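Open the model in your viewer and keep the sequence panel beside it. This tour goes from a pocket to the helices around it.

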Amino acid sequence: QLDLLWTRKQNVMYNLFDWPTQKHSKLIILAIANTMDLPERIMMNRVASRLVCPSIRLLFKIWDSSSIVHSSIALLFCGQKILLQTCHAYFQVAALSGDARRCLDICRRATEICEFASQKRTPEIVRMAHVTEAIDEMFSSPYINAIRNASLHEQIFLKAILAEFRRAGVEEATVQQVYHQHVALCRIEGMQSPTLSDVIAICSRLGACRLLLVESSNKYLHMRVRLNISQDDVMYALKDE
């Protein structure tokens, strides 16, 4: 997962791509990234130069999550008498996350809840009530409650982080990059934009709550931040905002 190996000096990626260029090397590197132009976006020249050896980029089409969920559930629950309303479950979970694995986890847990509730009665269909209970159980954590109770600009700052991650294709950003996204979101909402000092204070508070991992630096605008929770959890916590 190439974007997770990114560091400020990019030494890890440099060494990784330098190995195949060594004399008599038989090493082949297979790297995965969410964007096709990741080397052009984030790699320093000295790192990109390591890619001069024969390299090929393959584009994998986006999977049809609905087909994955339906076919996988057919295998997961084969032989059981409980019928899962997969379409309803899928569309509710898809609104929260594009990850088919998370959807399968929720479907599995919904079935377990239904089976437990049916022990004293006749088996029943897994219904949306079971799916909703599974979703609430999976996404209920102190972190999510902290996001929901955060100030408006703290929530916007988290949205700005997600927007910057999607733009850059890397799950790490500087405070300055997030600030530009924050200002853009405020303009869309017709709100007054915070000052840089305000944003730095917001970032510090979110870091103190352990919602963010903030790199210590004397140059506040260039501090790098990462989420300390999954993007799915942030999206779920803010889905009604």
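**Stop 1: the second largest pocket**

This is a predicted model. Select Trp-6, Arg-41, Ile-42, Glu-164, Arg-167, Ala-168, Val-170, Glu-172, Ala-173, Gln-177 and Arg-224; these residues line the second largest pocket. Two elements give two or more residues each to that lining: helix H2 (38–42) and helix H9 (152–168). Colour H9 first, as the largest share of the lining, 3 residues, comes from H9.

Now show the pocket as a surface. Its volume is about 170 Å³.

Next, colour the lining by residue class. What is the split between nonpolar, polar and charged residues in the lining of the second largest pocket? There are 5 nonpolar, 1 polar and 5 charged residues.

Then colour by domain. Domain 1 (1–60) gives at least three residues to the lining of this pocket. Domain 3 (146–238) also gives at least three.

**Stop 2: H9 against H10**

Keep H9 selected and add helix H10, residues 175–189. At what angle do H9 and H10 pack? The angle is about 115 degrees, and the axes lie 8 Å apart. Angles of 65 to 115 degrees count as roughly perpendicular, so H9 is roughly perpendicular to H10. Look along the line joining the two axes to check the hand. H9 passes H10 in a right-handed crossing.

**Stop 3: H10 against H11**

Drop H9, keep H10 and select helix H11, residues 196–208. H10 and H11 pack at about 110 degrees. Their axes are 11 Å apart. That angle makes H10 roughly perpendicular to H11. Which hand does the crossing of H10 and H11 have? It is right-handed.

**Last view**

Show H9, H10 and H11 together. H10 packs against H9 and also against H11. Bring back the pocket lining, to which H9 gives 3 residues.

Key: Residues are numbered from 1 along each chain as its sequence is written. This is a predicted model: local features need pLDDT of at least 70, side-chain atom pairs count only at pLDDT 80 or more; totals for chains, interfaces and linings use all residues. Side-chain values use heavy atoms; hydrogens and water are left out. On a 1 Å grid over the protein atoms alone, a cavity is a set of points where a 1.4 Å probe fits but cannot get out, and a pocket is an open set with protein on both sides within 12 Å along at least five of seven lines; lining residues have an atom within 4 Å of a point. Grid points are joined across faces, edges and corners, and a volume is the space filled by probe spheres set on the points. Helices (H or I, at least four residues) and strands (E, at least two) are DSSP runs, numbered from the N terminus. Ala, Val, Leu, Ile, Met, Phe, Trp, Tyr, Cys and Pro count as nonpolar, Asp, Glu, Lys and Arg as charged, and the others, Gly among them, as polar. Domain bounds come from an automatic or database domain assignment. Axes are lines fitted to C-alpha atoms, for helices over the stretch in contact, and angles run from 0 to 180 degrees between N-to-C directions. Angles under 35 degrees count as roughly parallel, over 145 as roughly antiparallel, 65 to 115 as roughly perpendicular and the rest as oblique. A crossing is left-handed if the near helix is turned anticlockwise from the far one by less than a right angle, and right-handed if clockwise.
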